[in-house]
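Please load the model in your viewer and keep the selection panel to hand. The tour below proposes one selection after another and states what is found at each stop.

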Amino acid sequence: RGGAIVYAATRKSTEQYAELLSHKGWSAAAYHAGMTGDERTRVADRFASRRVSVVVATNAFGMGIDRADIRAVVHVQPPSSIEAYYQEVGRAGRDGEEASGLLLCSGADIGLRRRLVTSGADGAPVDAALAARAWGLFRELLRYLDARTCRHDFVLRYFGDEHELLGGCGHCDVCLELDGDVGVDEAVTEETTLVVRKALSAVARAQRRGGLQAVAEMLRGAETEKTERFGFRTLSTFGLFRDRSQEWILALLRALLAAGWIDLTPTEHPVPYLTKAGAAVMKGEAPARIVLPPEPQAPSNKRRSRGERTAAPALDADAQELFERLRGRRAEIAKQKGVPAYVVAHDRTLADMAHKRPRTRDGLLCVHGMGPARVEQYGDRFLEVLVES
């Protein structure tokens with residue numbers, strides 16, 4: 001039901017993905033600035049009238065599109081900035097019904113974006129200052145991709161809306177995986193520092209002779225054609241992460257890129273190099289304030305329904321009774337506000353509330369999932385129940 005928008009970074013990609021989706025049985029059409037005005041208008045009209053279900057587009061599509069039942073926005077390649085992503089993903093679910101956003105990114109996509117910011121539409125070099133600003137905006141998006149906390153709150157912090165933080169939205173991919181017990185602001189550990197310095201040293205010793213994949217292979221100790229050709233096997237950093245997977249090492253290198261400790265050359269085949277800030281971290285002159293990526297887990301056979309969180313704290317009989325009363329209050333608030341119950345608070349939040357029994361707004365801020373915005377909007381209503389208990 002409804003429609004979907006798929007965003008790609010280049011005109012060629014939009015046509016390729018539209019053709020792929022059509023072969024998969026979807027009613028799909030491409031949309032990009034290289035088409036004539038009449039062609040673009042025809043696609044937009046067919047999508048608005050629901051004769052086309054999926055439009056695969058560059059960022060040229062979406063402005064002025066009057067369709068509220070868009071159920072999904074998929075980025076098969078990352079957009080240019082957080083601002084662009086926020087605007088584009090916001091086109092889903094404007095009818096108030098549940099909608100999904102999916103953002104995909106690979107190492108090749110990062111290299112592609114590097115080339116796009118340094119070259120104009122005609123292939124001519126872009127002004128260095130403009131290119132640097134565009135690359136800085138994209139690096140902020142990479143930080144969003146590598147975020148280890150609630151993505152909704154990340155965006156709010158990025159736009160300076162600290163007061164609106166939810167303390168966890170409860171339905172982004174990070175919230176669904178986190179138990180909420182450990183945040184990303186944990187102290188820098190000796191292990192983290194050592195791992196980061198090893199990775200930065202590998203990039204420095206590579207001396208721009210290979211891309212991210214090759215550097216990851218070097219750190220993993222892989223005897224491949226690349227590590228042989230680039231002379232990586234003779235380096236002291238060869239095999240430092242033998243116990244890690246290629247996927248994990250690449251995630252670490254992307255995190256270092258997002259942190260600004262390494263950068264990519266603006267060449268056809270971008271290669272990483274150490275930045276001044278990265279050199280300071282490698283030498284121990286600056287802290288390695290970063291949370292290491294988790295080792296990828298094998299897929300679980302258990303399927304988790306959308307929006308389901310990890311188990312709530314175990315409650316005794318009294319706390320369970322209070323939990324049920326809090327659920328009743330949540331239902332009242334949701335009905336009055338005209339919003340789904342999960343927007344007000346999740347079951348895990350109510351369970352933690354019943355377990356901790358806070359009596360003040362400040363106390364509510366210590367409850368899992370109760371950020372300043374939720375406390376401001378709904379806190380007093382929940383406190384009425386808690387004070388009575």
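In this tour, a residue counts as buried under 20% relative accessible area, as exposed over 50%, and as partly exposed in between (1.4 Å probe, protein chains only). The model is predicted, and local features need pLDDT of at least 70, side-chain atom pairs count only at pLDDT 80 or more, and totals for chains, interfaces and linings use all residues. Residues are numbered from 1 along each chain as its sequence is written, and side-chain values use heavy atoms, with hydrogens and water left out.

**The whole chain**

Begin with the entire protein, coloured by secondary structure. The protein has 17 helices and seven strands; helices (H or I, at least four residues) and strands (E, at least two) are DSSP runs, numbered from the N terminus. Of its 389 residues, 44% count as buried. Contact here means heavy atoms within 4.5 Å. Among contacts between residues at least 6 apart in sequence, 64% join residues at least 24 apart.

**Strands E2 and E3**

Select strand E2, residues 28–31. Ala28 and Ala30 point one way from this strand, while Ala29 and Tyr31 point the other way, and all are buried. Add strand E3, residues 54–57, which pairs with E2 in the parallel sense over four bridges; two strands pair if DSSP finds at least two bridges between them. To locate one of these bridges, display Ala29 together with Val55, its bridge partner in E3.

Now include helix H2, residues 37–48. E2, H2 and E3 make a right-handed β-α-β unit. A crossover is right-handed if, with the strands pointing away from the viewer, the path from the first strand over the helix to the second runs clockwise.

**The second largest pocket**

Which residues lie nearest the centre of the second largest pocket? Select Ala9, Thr10, Thr58, Arg113 and Leu116, which hold that position among the 23 residues of the lining. On a 1 Å grid over the protein atoms alone, a pocket is an open set of points where a 1.4 Å probe fits, with protein on both sides within 12 Å along at least five of seven lines, and lining residues have an atom within 4 Å of a point. The volume of this pocket is about 530 Å³; grid points are joined across faces, edges and corners, and a volume is the space filled by probe spheres set on the points.

Helix H3 (82–89) and H4 each supply at least two residues of the lining. H4 gives the most, with four residues. Coloured by residue class, the lining divides into 11 nonpolar, eight polar and four charged residues. Ala, Val, Leu, Ile, Met, Phe, Trp, Tyr, Cys and Pro count as nonpolar, Asp, Glu, Lys and Arg as charged, and the others, Gly among them, as polar.

**Ile110 in helix H4**

Stay with H4, residues 107–118, and select Ile110 within this helix. Ile110 is buried, with a relative accessible area of 1%. Leaving aside neighbours within four places in sequence, Ile110 is in contact with Cys105, Trp135, Phe138, Leu142, Arg254, Leu257 and Leu264. For a distance label, choose the C-alpha atoms of Ile110 and Pro270: these residues are 160 apart along the chain, and the atoms are separated by 8.9 Å.

**Pro266 in the E6–E7 loop**

Move to Pro266, in the loop between strand E6 (262–264) and strand E7 (272–274). Pro266 is partly exposed, at 48% relative accessible area. Beyond neighbours within four places in sequence, Pro266 is in contact with Arg114 and Thr118. The C-alpha atoms of Pro266 and Arg115 are 5.9 Å apart, although 151 residues separate the two along the chain.

**Helix H8 and the loop to H9**

Select Ser201 in helix H8, residues 190–206. Is Ser201 buried or exposed? With a relative accessible area of 17%, Ser201 is buried. Apart from neighbours within four places in sequence, Ser201 is in contact with Thr237 and Met282.

Proceed to Gln207, in the loop between H8 and helix H9 (212–220). Gln207 is not a glycine, yet has a positive phi of about 50 degrees; at 58% relative accessibility, Gln207 counts as exposed. Arg208 is placed in the loop between H8 and H9, and has a positive phi near 60 degrees in a residue other than glycine. Arg208 counts as partly exposed, at 49% relative accessibility.

**Gln213 in helix H9**

End at Gln213, found in helix H9. Gln213 is partly exposed, with a relative accessible area of 40%. Neighbours within four places in sequence aside, Gln213 is in contact with Lys226, Gln246 and Leu250. A C-alpha to C-alpha label between Gln213 and Val271 should read 9.4 Å, for two residues 58 apart in sequence.
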